[in-house]
Amino acid sequence: MPLNNEKIQQILTEKFGDQLTDWQEPYGMLTFTGPKESNLKVLQFLFDEPSLGFRFLTDLQAVHYPDNKGQELAVVYHLHNLVDNIRIRFKVFTDITQPDVFSATALYQSANFMERETYDFFGVNFTGHPNLIRILNVDEMDYFPMRKEFPLEDQTRSDKDDEMFGR
Amino acid sequence: MSEHILLPEGSIEKQTTTLNLGPTHPATHGVFQNILELDGERIMKATSTVGYIHRAFEKLAERRPLYQITPITDRLNYCSSPINNMGWHITCEKLLGIELPKRVDYLRIIIMELSRISDHLICNSIVGVDSGAYSGFLYLMQFRELIYEIYEEVCGSRLTTNIGRIGGFERNFTNTAFVKLEQFLATYPKQLKEFETLFSRNRIFMERTIGVGAISAERALNYGFTGPNLRAAGVDYDVRVHTPYSSYQDLEFTIPVGKTGDCYDRFLVRNQEMWQSLSMIEQAYKKVQEFKGADAEVFHADTPAYYLPEKKDVYTKMEALIYHFKIIMGETDIPAGEVYSSVEGGNGELGFYLISDGGRTPYRLHFRRPCFIYYQAFPELVQGGMLSDAVITMSSLNLIAGELDA
């Protein structure tokens, strides 16, 4: 029997019980949230369990929700089972004052750069990452630019005198 | 008989040479820095640095209405920008729930496959250049020019195309576009055959590429390879087949698969994909020709709220003017939701993860750039090889600096 969203949800609920919450299916992709302490356990189970086999990490990134107090940063994993051709989305929320999340680099080599990118832009501190340094931004940068508290420059500002660009 | 000259102890502390390959090295075809530890000509260790052309696309996208994000996507993989544009349009259409007419789908396939050919053509001929055979590059380059002329006919620009709109194309394909397409279909196969004859069984080329930069299927999957590089390692994963978009399910094509994942297999897989793309263009073009009368004038979906109307309608029709104004001023709210959509780009799965909170701009947009993800395998691929093999491995991975950095 081919794998489908209900079956994945059933298997995961059997294993993790109430730990996994917020089951949704936006645009057909099964999405759920787990506690950040057990993100590796969930990923490992998804990887190892023969009936699931989510062995391909498609994408890893973070989202900043400043209004979500205590759970400001979400780390989102997109996983793909290439055999049954089904994708899932797994989210982990973390506090912005202590954004420690376990690194998935031991499971997926591909997570290396992706976690560095996420750290670079959101400041998620991936514990256990072999080389967690900035990747796209300059090394001297001391803030995390993709967080929502850094808006882009206001286009209507008039205090800037720039002859070259006519502002 | 020469004996080993023993140096006094401590006179040379470092036994290896450190070499900076890049960031602006003529052999790297882009801004990549690799710090190589060399023992003679053999690479003991490689460290790659990225981020030289980071342009904050994801941040920029958070303040732009959907249609203004299309020009950003051009600059990801600039060797096949139409695929990026289409991938973005397809993502938006998925979020907005827009169904496209079949003719638009087929026209998109024509453009996407043309750009796949132009992407692979550059990659393969550069592999040739890096192995010392310049002529293949010169033979094929004229066809990229022809492909660019077709883009020009459709959208008015060549490299950073900004082609199409959410819901279709900006205008119907002109007759000249089809004439140029026919010319391409008639002349390209012969030249590609000649290119293959020059390289595929060329002993020098084979010696330079076989077994160089090889990766096993398992490692490739673990490293997140997609596209031709993954298929060269023997995994038949292709987004066009696994999650068909833009009516790819209506076409018949095969997925070429390699075995060893080395430079030679990557070269062969890309060559075969060009043949498959040619056949896809022919099939799609045949289907486009089947539309007659009013159906042959369809080039966009009927979604006035999101499709930027044609300029002549804006000047003559009330509704078109209103929607034009609303879209240009970015006053159209997009539905809340989160969507991941991917297309088979020139280098692999190009994904767009779009979160909308119901505002006018995306709340968060993330580009899954295949180059960025598989570039981390580069140190492993070149370790233990020769310096000149590192150069050829780099070009056969088809690393595009724009896609690497976003």
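Let's start in chain B, where three strands line up in the order β4-β5-β6 to make an open sheet, and the pairing is antiparallel. Keep in mind as you look around that this is a predicted model.

Now look at the two ends of that row. The edge positions go to β4 (337-344) and β6 (364-368) of chain B, and each of them has a single partner strand, so one side of each is left without a neighbour in the sheet. If you compare the directions of neighbouring strands here, ignoring which way they run, they are turned by 10 degrees against each other on average.

You can zoom in on one of the pairings too. Strand β5 of chain B covers residues 349-356, and it pairs with β6(B) in the antiparallel sense over 5 bridges. To find your place along these strands, pick out G351(B): across from it, in β6(B), stands R368(B).

The sheet also has a helix packed on it. This is α3 of chain B, residues 81-96, which touches β4 and β5 of chain B. The direction of the helix makes about 150 degrees with that of β4(B).

Time to move to the place where the two chains meet. Here 25 residues of chain A are in contact with 28 residues of chain B. On the chain A side, the elements that give two or more residues are β3 (56-64) and α3 (111-122) of chain A. The largest share comes from β3(A), with 6 residues. And what kinds of residues make up this side of chain A? By class, there are 15 nonpolar, 8 polar and 2 charged residues on the side that touches chain B.

Key. Residues numbered from 1 in each chain as written. Chains lettered and ligands numbered in written order. Predicted model: local features only at pLDDT ≥ 70, side-chain atom pairs only at ≥ 80, totals over all residues. Contact = placed C-beta atoms within 7 Å. Helix = DSSP H or I, 4+ residues; strand = E, 2+ residues; numbered from the N terminus. Nonpolar A, V, L, I, M, F, W, Y, C, P; charged D, E, K, R; others polar. Pairing = 2+ DSSP bridges. Axes fitted to C-alpha atoms, helices over the stretch in contact; angles between N-to-C directions.
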